Amino acid sequence: MSMKLVWLWGILYFHLSLLTAITTCLPFEDGNNNNVKINGQSLELTQTINIQRQEYLQRQCDLWSNDMEKSQSLDDLTEFQMDHMIVDQEHKLLYCYVPKVACTNWKRVLMLLTGKWHNGTDPLQIPGSLAHSIGMFTKFYDLTEEERLKVLGEDYTRFILVRHPFERLLSAYRNKLEGDAPSARYFQSRVGRQIIKELRPGATNESLNLGDDVQFGEFVQYLLTPELSRTNQTEYNEHWEVIAKLCNPCVMKYNVVGKYDTLLDDSALALYLAGAQNLTFPTGHKPSSTRANLRNYFDPLPIGAIRRLYEIYEEDFRLFDYGMDDVLGFEFG
């Protein structure tokens with residue numbers, strides 16, 4: 001049986017399983033203090049949209065592999081390519097986390113789900129630094145070959161959350177280079193100082209020492225200069241790495257494809273399918289203003305720079321059905 005037929009059968013099986021679960025009228029109870037109720041009707045609607053996303057993703061994977069004249073398999077994945085894939089074998093859930101797409105809150109939820117937090121049921125009480133700590137979760141590369149194949153089977157929920165590539169990029173810049181949080185100071189002292197030293201002629205000593213006034217245009221130029229921004233000229237920092245490189249969707253065949261715009265609905269669906277009826281995704285996260293600011297940051301950039309930036313993230317644009325209209329007001333031909 002071809003991989004495409006397996007994919008399509010998996011979608012059909014997945015949908016039938018959800019409908020069966022809905023007809024049993026299993027409730028979504030409050031698992032923390034967020035008072036979110038998810039009913040079967042909203043789950044079914046979310047799953048209908050999800051199936052459309054899966055089908056679109058598979059079509060784009062087929063086209064992309066044809067364009068690139070190559071296709072990747074599970075055996076081709078390196079440890080780096082599996083590093084963002086968290087596995088909960090008890091609940092048969094794989095979650096590929098993408099920085100700047102609610103990954104801190106999702107890791108908090110997973111700590112509750114896997115019994116790694118015992119001081120209450122509100123995920124927002126879990127320190128972000130703890131959720132991100134090394135060794136907290138089982139990764140896909142920790143599994144045996146047999147266990148990995150089981151993860152790719154129809155019994156597993158494989159979940160990814162994605163975001164408009166340029167919105168995610170701007171969010172990373174604002175949080176890591178423009179902000180004043182401790183994590184921003186870390187990036188400013190390393191990445192920011194490097195950007196200013198290499199890309200700003202006549203920089204002041206203060207800027208060279210602090211790296212805290214990097215302009216968005218300078219950050220974009222940094223990304224377009226691989227000898228500066230890519231480790232061994234192959235990999236970006238995870239906060240602005242291409243999502244397809246972090247999560248390899250054409251290999252992993254995600255059966256819940258969530259988007260930042262529908263974060264709560266898609267997270268509820270993933271948790272429901274993983275059997276976490278008493279746990280909800282936190283609604284107390286601060287709404288992002290990044291989408292509203294896209295044009296303010298991108299309009300001053302030369303069109304050539306935006307086109308080159310698009311080419312870097314083209315795979316994400318194509319696989320996850322994003323366009324340039326939000327940024328430019330038109331699409332590239």
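Reader: Is Arg295 buried, exposed or partly exposed?
Author: Happy to start there, with the reminder that this is a predicted model. The side chain of Arg295 meets that of Asp299 in a salt bridge, at 3.1 Å from N to O. Arg295 has a relative accessible area of 35%. Buried would need a value under 20% and exposed one over 50%, so Arg295 counts as partly exposed.

Reader: And which class does its partner Asp299 fall into?
Author: The same cut-offs apply, with partly exposed lying between under 20% and over 50%. Asp299 has a relative accessibility of 47%, so Asp299 is partly exposed.

Reader: Let's step back for a moment. How many helices and strands does the protein have?
Author: The chain has 333 residues, of which 49% count as buried. Among contacts with a separation of 6 or more, 70% are between residues 24 or more positions apart. As for the elements themselves, the protein has 18 helices and four strands.

Reader: What is the order of the strands in the sheet, and which of them stand at the edges?
Author: The sheet is open, its pairing is mixed, and its four strands run in the order β1-β2-β3-β4. Each edge strand has a single partner, so one side of each is left without a neighbour in the sheet. The strands at the edges are β1 and β4 (256-259).

Reader: By what angle are neighbouring strands of this sheet turned against each other, and which helix packs on the sheet?
Author: On average, and with direction ignored, neighbouring strands are turned by 20° against each other. The helix that packs on the sheet touches β1, β2 and β3 (157-162), and its direction makes about 160° with that of β2. That helix is α4, residues 103-113.

Reader: In which sense do β1 and β2 pair, and which residue is the bridge partner of Met85?
Author: Strands of a sheet pair through backbone hydrogen bonds, either parallel or antiparallel. Here β1 (residues 85-88) and β2 (residues 93-96) pair in the antiparallel sense, over four bridges. The bridge partner of Met85 in β2 is Cys96.

Reader: Which residues of β1 point one way, and which the other?
Author: The residues of β1 are all buried, whichever way they point. Met85 and Val87 point one way, and the other way point Ile86 and Asp88.

Reader: Which residue in the hairpin of β1 and β2 takes a positive phi?
Author: The hairpin has four residues between its strands. One residue there takes a positive phi near 55°, and that residue is Lys92.

Reader: How do α7 and α15 pack, and at what angle?
Author: Helix α7 spans residues 165-178 and helix α15 residues 290-298, with their axes 9 Å apart. Their angle is about 85°, which makes α7 roughly perpendicular to α15. The contact involves residues including Phe166, Leu170 and Tyr173 of α7 and Leu294, Tyr297 and Phe298 of α15. By type, the residues of this contact divide into six nonpolar, three polar and four charged.

Reader: Which residue of α7 meets Glu178 in a salt bridge?
Author: The two residues lie four apart in helix α7, about one turn of the helix. Glu178 is partly exposed at 37% relative accessibility, and its partner is also partly exposed, at 23%. The side chains meet at 3.9 Å, N to O, and the partner is Arg174.

Reader: How far apart in sequence are the parts that Glu218 and Arg200 tie together?
Author: Their side chains meet in a salt bridge of 2.8 Å, N to O. Glu218 counts as buried at 13% relative accessibility, and Arg200 likewise at 18%. Glu218 lies in helix α10 (residues 216-223) and Arg200 in the loop between α8 (182-199) and α9 (205-210), so the parts tied together are 18 residues apart.

Reader: Which residues are linked in a network of salt bridges?
Author: The structure holds ten salt bridges. The network links Arg163, Glu167, Asp261 and Arg291.

Reader: One last stop: how many residues of α14 are buried, and which residue just after α14 takes a positive phi?
Author: Helix α14 (residues 263-273) is mostly covered, with eight of its eleven residues buried. Among them are Leu263, Asp266, Leu269 and Tyr272. Just after α14, a positive phi of about 80° is taken by Gly275.

Conventions
Residues are numbered from 1 along each chain as its sequence is written. Side-chain values use heavy atoms; hydrogens and water are left out. Axes are lines fitted to C-alpha atoms, for helices over the stretch in contact, and angles run from 0 to 180 degrees between N-to-C directions. Angles under 35 degrees count as roughly parallel, over 145 as roughly antiparallel, 65 to 115 as roughly perpendicular and the rest as oblique. Contact means heavy atoms within 4.5 Å. Ala, Val, Leu, Ile, Met, Phe, Trp, Tyr, Cys and Pro count as nonpolar, Asp, Glu, Lys and Arg as charged, and the others, Gly among them, as polar. A salt bridge is a side-chain nitrogen of Lys or Arg within 4 Å of a carboxyl oxygen of Asp or Glu. Buried means under 20% relative accessible area, exposed over 50%, partly exposed in between (1.4 Å probe, protein chains only). Two strands pair if DSSP finds at least two bridges between them.
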